[in-house]
Structures are given as C-alpha cells and as structure tokens.
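Colleague: Hi, have you got a minute to go through this model with me? I'd like to start with a loop residue.

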Amino acid sequence: MGNRGMEDLVPLVNRLQRALRGARQSGSPRVPQIAVVGGQSAGKSSVLESFVGRDFLPRGSGIVTRRPLILQLLSGDEEYGEFSHCKGKRFTDFDEVRDEIEAETQRLTGSNRGISAVPISLCIHSPHVLNLTLVDLPGITKVPIGDQPADIEYQVRDMILQVICKENCLILAVTPANTDLANSDALKLAKDVDPQGQRTIGVITKLDLMDEGTDARNILENRLLPLRRGYIGVVNRSQKDIEGKKDIKAALLAEKNFFESHPAYKHMAERTGTAYLQRVLNQLTNHIRDSLPAIRSLLQSQLLQLNQEAHQYQQNPPEDAARRTAMLLRSVQRVAADFEKLIEGSRDEVDTVNLSGGARINKIFHERFPCELSKFKSDERKLRREITFAIRNTHGVRTGLFTPHMAFEAIVKKQISRLKGPCVQFVEAVSRELLATVYQCLRELGSYPKLQEETERIVITEIQEQEGRCRDQVLLLIDLQLAYVNTKHEDFIGFNNTQQCRLSNKKTVAAMAGNHGVAPPSRLIVLRRGWLTISNMGLLKGGAKEFWFLLSAESLSWFRDEEEKERKYMLPLDNLKLRDVEKSFMSRRYVFAVFNTELRNVYKDHRCLELTCDSQEELDSWKASLLQAGVHPDQAPPVDGGGAPETFGDPQVERQVETIRSLVDSYMSIVYKTFKDLMPKTVMHLMINGVKEFIGCELLARLYARGGAGGSALMDESPEQRRLREAVLRNHAALKEALAVVGSFSTSTCTTPLPPPVDSSWIRPPSPTRPFGRGHAPSPPRVPAHRAPPGVPRRIPPAVPNRK
C-alpha cells in the first residue's frame with residue numbers, strides 16, 4: 001500500500017511526539033511533521049477528512065480552524081480517535097470528535113472567533129489510513145470578525161510561519177483551482193521559508209469548479225508556475241455534498257471517476273487524487289531521516305543533564321523513612337557549612353555587589369562602633385560645662401586650692417556610663433546580622449517547609465539567648481570600669497606632667513586608633529583614598545569637580561587623578577570638624593562638609609568644603625576615617641535652663657577645668673581603646689562562635705527530638721518540591737523513551753529522491769508597499785522543453801488568462 005519502511009517509521013515518529021509532549025522540557029527537539037497551509041475555504045479540512053475517510057472537523061464560515069490541530073494517522077485494526085488532553089478516552093463516534101475539537105478550541109479562544117497558537121493533538125487509528133502526521137493550521141484571513149484583533153491577518157501569518165519555518169516540516173500549500181495561482185497566499189508563505197522548494201508540495205483543489213472550457217492541466221504537469229516537487233490535484237466534496245451527508249468513500253470514488261474521465265486529466269489520473277497524495281506523503285522520508293541525528297544529539301544532552309538529579313530522586317523516594325533521615329542530616333550539614341562560610345568569607349561564589357555575612361559584621365566591628373564611640377568626644381563645650389559644675393559642687397561653700405579628685409572620677413564614671421547605649425546597640429546590630437545570615441542559609445530548606453520553619457525557630461531562639469548572655473557580659477565590662485578608676489595605668493598621664501598632658505587632637509585620635517606614639521614626620525600614614533566631588537564650587541569657577549582624595553593622620557589632600565602626581569591642595573586637619581549636609585530633592589549623591597572651628601577659610605574663599613560620594617556606605621566609611629584622623633562631627637551646644645557656669649571669671653577654676661579635661665581625655669582614651677578591643681572579642685566568643693557551634697553540633701539533636709522518629713516528620717515535601725520531583729522523573733522517563741524511539745529507526749527505509757530544481761521565481765513574497773496577498777499575477781515564465789516531465793509533449797504552453 002505504501003513504503004514499508006515508512007509504515008514502520010511514522011508510528012515511531014508519533015511515539016516520539018507523544019514522548020516529547022510528556023517531557024514538557026524547554027528546548028525539546030522538533031519532531032518532523034507535515035503542515036497544511038492555505039487560505040480560508042481553500043479545502044484544507046476536506047483534504048484531511050479525505051485522508052481519514054470520516055467527517056470529524058468543524059465547518060462553517062470565516063476562520064473555523066482557530067487552533068493548530070496536530071493530526072496523527074496510524075493504521076490499525078480498530079477505528080477510533082484519542083486526544084492528548086483526554087488520555088485514556090477513545091472516541092468511536094467522529095461527531096463527538098468534532099464536538100470535542102470545538103469545545104477545546106473555545107476553552108482557550110472563546111466563542112467569538114478568537115485564535116490561539118496552543119495546538120490540539122488528535123490521534124486517529126483506522127484500517128483505512130496510511131501512517132502520517134499532519135498539522136492543520138488556521139486559514140489565512142484578511143478581515144477581522146467578532147472579537148478578533150485588527151491585526152488578525154498578521155497573527156495568523158506569524159502562527160503559520162512558526163510551524164513551517166522548521167527545516168524538518170513539509171509544507172502542503174493548498175490552493176483552489178478557480179483562483180489565481182500566482183497570487184496564492186499559501187505558496188507565498190512557503191516561498192518565504194523554503195526558497196529552494198525542497199519541502200513544498202502544491203495541492204490544487206476544486207478542479208471540478210473551474211469555469212467551463214478551462215482546466216489546470218499545465219499546472220498539474222508542473223509546466224506553468226512550476227514547483228520543485230510539483231502539484232497534485234484533488235477533488236473534494238462540495239458544500240451540497242457535505243450538507244447532504246455524502247459518504248467520503250463515495251466522494252473518493254467520484255474523485256477517481258472525475259480524473260479518469262476528464263479529457264485534460266485522464267492521461268495523468270494515476271498521479272492525481274487524494275489516495276495518490278497520501279502515498280506521496282507516506283514515501284517522503286528524507287526530511288524525517290535527515291533530522292534524526294540532531295534530535296538524537298539533543299535528547300542525549302538533555303538526558304545527561306537530568307541523570308544525576310533523577311538518580312537522586314529514584315534512590316531516595318519521599319516515603320522512605322531512611323531516606324528522610326539521611327536528607328535531614330544532609331540538610332543540617334549544608335546549613336552549618338553555609339553559615340560558617342558566610343561568616344568566615346570562604347564561599348565558592350563571592351558576592352561582588354553587596355556585603356554579606358561576616359563582611360557586614362566586620363564593618364560593625366571596625367567602622368560603626370568606633371564611629372559611635374568617637375561621637376562622645378565631639379561636644380567640647382558640654383564636657384567643660386559638666387566639669388565646671390562637678391568642681392564647684394565638690395568644693396561646696398569653700399574655695400578649693402587643688403584640683404579635686406572626686407570631680408575627675410565623677411566625670412569619668414559619667415562618660416563610662418554613657419557607653420552602655422552604644423555597646424548594647426553594637427550587640428543588637430551583630431545579632432541582626434546573624435539573623436540575616438541564618439535566613440540566607442535557610443533558603444536552601446525551602447523544599448521542606450516544616451524543617452525550614454522548625455530550624456528557623458530553634459536557631460532564632462538560640463541567637464536571642466546568646467544575645468542576652470552577651471549583653472549581660474558587656475554590661476559587666478562597663479560595671480568593671482565603673483568599679484575602679486585606675487589612675488596608675490601606664491598610658492594615663494598623671495598630675496606630675498600636667499603641662500605635657502594636653503596632646504594635640506590628632507595625637508589623641510591616633511592613640512584612640514591604636515597607634516602607640518606618633519609616626520615620624522617623614523612617614524605619611526594614609527588612612528583612606530578615593531574619589532570625591534567638591535560640590536560647592538561656583539559655576540563661574542567650573543562648578544562641581546571630582547578629585548582623587550588622600551586622607552592621612554595630618555592632612556586631607558586632593559589630586560587630579562589616582563596617580564597622585566599633580567596635587568591640587570593640602571588641607572591640615574587642625575581645628576577641622578565635619579557635619580552632615582542634607583542632599584537636595586533631585587540629587588542621588590550623599591554629602592558631608594568639613595569646616596574650621598576658628599571660622600577660617602578651609603580652601604581659598606570657602607568657609608567649608610562640601611564633599612559628595614555615591615553611596616551611604618561610602619559616606620559612612622569616609623566619616624569613620626575622618627574620625628580616626630581626629631576630625632569629629634560638629635554638634636550644637638545643648639540648651640540648659642541652668643545657664644552657663646562662670647568659669648572664665650575665676651582663673652583658678654579655669655585651670656582646674658583644663659587639668660581635669662586633659663585627665664578625662666587621657667583616661668577615656670584608655671577606656672575607648674579597651675572597649676574597641678574587647679567588644680568584638682566578646683561578641684565573637686559569646687555570640688558568633690556560640691551560634692556557629694550550636695548549628696554544627698546541637699541543631700541536629702534538637703530537630704531529631706522535635707521531629708520524632710528520627711526527625712522524619714519534618715521532611716514532608718512542599719507542593720513545589722513535589723511537582724519539581726515529579727517533573728524531573730517524568731522528563732527523564734520521557735527523554736529515555738524518546739531516545740529509545742530514535743534508536744529504533746531503520747536506516748534501510750526507502751526514500752524518494754529529491755526532484756531537480758525549477759525556476760520558482762514567479763512566487764513573489766508580499767511587497768512592503770502592497771497589502772499581503774494582493775496584487776496582479778506576473779506573466780508566467782516560459783519553461784524550457786528539457787524540463788518538461790516525461791511523457792508530456794515538448795511545447796511551450798499558452799498563458800492561462802488571469803481570473804479576478
């Protein structure tokens with residue numbers, strides 16, 4: 001009946017299509033197929049029904065086929081249809097097949113002529129068909145109707161092109177014989193994607209409806225407007241036949257009689273008709289055979305990607321208790337490892353955009369906390385005022401001759417007590433970063449929501465407990481400092497050298513920063529480098545300019561670029577302070593300013609220097625560096641109803657204030673250094689290492705105790721994880737099946753040689769200056785005699801008149 005090799009091949013291709021539909025994998029191989037293309041009422045549906053021998057396709061006016069229909073024809077003993085969306089249900093009544101196609105079409109497109117590119121898959125088993133796979137596409141239309149969009153023509157065209165542009169798709173270009181062939185929309189679309197004509201077959205319908213005295217002999221003989229694979233003529237049932245329920249078998253017999261009795265076609269009757277078209281399509285195995293190596297390669301690569309994941313799911317079924325316990329152990333170990341890597345900064349994937357984990361905690365240790373401590377040194381006027389009150393209250397009604405020790409100790413203890421706020425905030429900030437790090441690690445447990453929730457609750461409770469113990473230890477450190485003021489400390493300046501105790505501002509800050517002694521003048525201690533913009537330069541002087549700034553312990557310099565060869569200016573740090581500047585409404589940059597406390601110009605005629613940077617983190621980093629260099633934030637003196645004490649009127653009190661001020665400075669420098677050293681150590685020991693040890697050693701035991709039966713109750717999969725597991729296993733099985741199908745293909749399948757090329761330049765694609773599908777037919781080319789098919793007289797045919 002047909003090509004024996006093809007009889008075996010097409011069922012395999014159909015199995016391959018079903019397997020790949022089950023895989024639902026992006027980038028799945030494109031299975032070979034035959035697409036039926038034509039305008040509205042061109043007879044596409046009738047051709048397909050003639051293949052099947054049954055009425056099963058919807059009919060009507062306008063666009064009837066509104067979703068692509070993938071039609072698989074399989075030869076078998078029984079006759080029935082199956083839809084991919086109704087698995088297991090057999091349709092033996094083909095009227096029900098039509099109703100199901102209409103219902104499934106309306107489900108996505110509505111009942112008012114909408115279209116959709118989502119295909120409907122129908123497999124028909126019948127003893128009266130040859131093995132074929134075809135795709136019925138919507139008819140090419142021009143005018144929208146119903147709720148169709150205005151660009152319906154281009155939507156249909158794009159939908160068709162998405163199918164026929166594939167190299168392994170044969171194109172059946174259906175054109176009615178009673179229309180102008182040169183203006184065939186189907187042939188123009190085929191020419192766009194198959195300019196060589198290697199996979200296009202012309203199908204001429206409605207030969208029985210041509211005007212009296214005309215025929216399509218020259219077209220069917222491929223002499224007029226030739227195609228490389230030629231044309232095949234068919235005669236379908238008329239609308240009257242369809243309405244009269246004329247049997248398709250009777251229609252096929254009438255078709256055969258028409259060709260055998262027609263004077264223009266009887267010499268080629270054996271090469272026309274629906275049965276001949278079926279045999280031709282059944283024997284065209286080249287496009288299928290040529291596409292199989294690429295399909296096999298793609299299937300193998302996709303299967304290789306899924307093998308490991310599918311193997312894990314197969315070896316660890318979700319209902320296995322041992323598997324649940326093993327997964328719990330691995331999950332906790334992974335969380336512990338990820339937490340330690342985030343804290344220690346040893347992750348394989350390094351974040352190049354934001355700080356995270358240990359890096360953020362390090363910033364709290366060495367930038368934010370020192371910045372908070374230095375703010376206590378910034379309000380000079382308030383401190384002197386407190387010292388004055390302390391001295392006078394210590395003397396009482398008497399006039400003191402010596403500097404009172406009690407006043408010094410009272411001021412020192414008050415300064416130390418003020419450390420409680422920053423130290424507690426320091427602990428809380430580290431705790432927040434630990435929580436953020438834990439949340440980041442627990443994202444890996446999203447597949448097991450119960451485990452994630454219980455782990456989060458246990459770890460957060462532990463962090464809160466560790467935070468409480470750490471807070472108590474920090475407050476104990478402050479209480480220890482308050483318990484005894486050690487004036488015999490080796491770094492404390494005593495009364496015997498009060499004249500030398502008043503260190504310069506930068507030396508004091510250098511001591512606070514941990515620099516013992518002062519660096520030699522010849523050695524420049526660089527604290528920070530980077531780009532900043534001076535924003536308060538007038539427009540007449542060039543406006544805002546960006547410079548490369550260098551901050552040392554003695555000065556702030558800026559250069560033209562980072563090579564630091566051309567220095568623009570060097571600003572000494574003596575008597576400098578910094579203050580925040582509110583950024584403007586439209587600005588995205590962050591601003592701060594430095595100014596001289598003695599109201600001198602800091603740069604040329606500028607009383608202050610406004611500097612801008614790109615981010616809040618960069619701003620905080622510059623502030624911390626300036627504080628380390630001794631440039632403190634400016635704060636307005638507090639307003640107090642008690643009024644300012646009269647210090648400058650009493651030289652003796654003024655000298656005592658100066659002495660205690662120097663002693664407090666020296667002693668608090670020791671305290672600040674101590675806390676800057678001890679606070680990170682305390683938090684690291686009691687919180688960070690404690691939480692790390694808890695997650696690594698105790699978390700698993702807690703989960704076992706809470707989960708029961710080895711913690712297996714916590715390992716219930718989330719719906720998303722269950723769907724992922726099922727999809728992976730389904731895709732893996734489908735890809736294996738598809739690969740087995742491809743491997744069973746026999747290379748001995750008979751093939752039909754490709755015909756020689758013909759001149760198909762007469763098919764003109766739609767012109768951009770002319771509406772699609774319109775225009776006058778070109779004059780048909782004269783075909784050389786040596787290209788005429790065998791058995792046809794070598795003559796140049798007359799041109800067929802152009803019909804409107």
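Modeller: Sure! Asn575 has a relative accessibility of 34%, so it counts as partly exposed (buried is under 20% relative accessible area, exposed over 50%, partly exposed in between, with a 1.4 Å probe and protein chains only). Keep in mind that this is a predicted model, where local features need pLDDT of at least 70, side-chain atom pairs count only at pLDDT 80 or more, and totals for chains, interfaces and linings use all residues. Residues are numbered from 1 along each chain as its sequence is written, and side-chain values use heavy atoms, with hydrogens and water left out.

Colleague: Thanks! Where is Asn575, and what is its phi?

Modeller: Asn575 sits in the loop between strand 12 (567–572) and strand 13 (576–581). Strands here are DSSP runs of E with at least two residues, helices are runs of H or I with at least four, and both are numbered from the N terminus. The phi of Asn575 is near 65 degrees, a positive value in a residue other than glycine.

Colleague: How far is His632 from Asn575 in space?

Modeller: Their C-alpha atoms are 9.7 Å apart, with the two positions 57 residues apart in sequence numbering. His632 belongs to strand 16 (residues 632–633), and it counts as buried because its relative accessibility is 7%.

Colleague: And Gly630, is that one buried or exposed?

Modeller: Buried, because its relative accessibility is 1%. Gly630 lies in the loop between helix 18 (616–628) and strand 16. From Gly630 to Leu573 the C-alpha distance is 7.6 Å, and these two are also 57 residues apart in sequence.

Colleague: What about Lys604, buried or exposed?

Modeller: Lys604 is exposed, at a relative accessible area of 61%. You'll find Lys604 in the loop between strand 14 (590–596) and strand 15 (608–613). Its phi is positive, about 55 degrees, although Lys604 is not a glycine.

Colleague: Switching to helices: how do helix 15 and helix 16 cross?

Modeller: The axes of helix 15 (residues 420–442) and helix 16 (residues 449–483) come within 10 Å and cross at roughly 160 degrees. That makes the two helices roughly antiparallel, a label for angles over 145 degrees. The residues of this contact divide into 15 nonpolar, three polar and six charged.

Colleague: Last one: how many helices and strands does the protein have?

Modeller: There are 20 helices and 16 strands. Buried residues make up 48% of the 804 residues.

Definitions and conventions: Axes fitted to C-alpha atoms, helices over the stretch in contact; angles between N-to-C directions. Parallel < 35°, antiparallel > 145°, perpendicular 65-115°, else oblique. Nonpolar A, V, L, I, M, F, W, Y, C, P; charged D, E, K, R; others polar.
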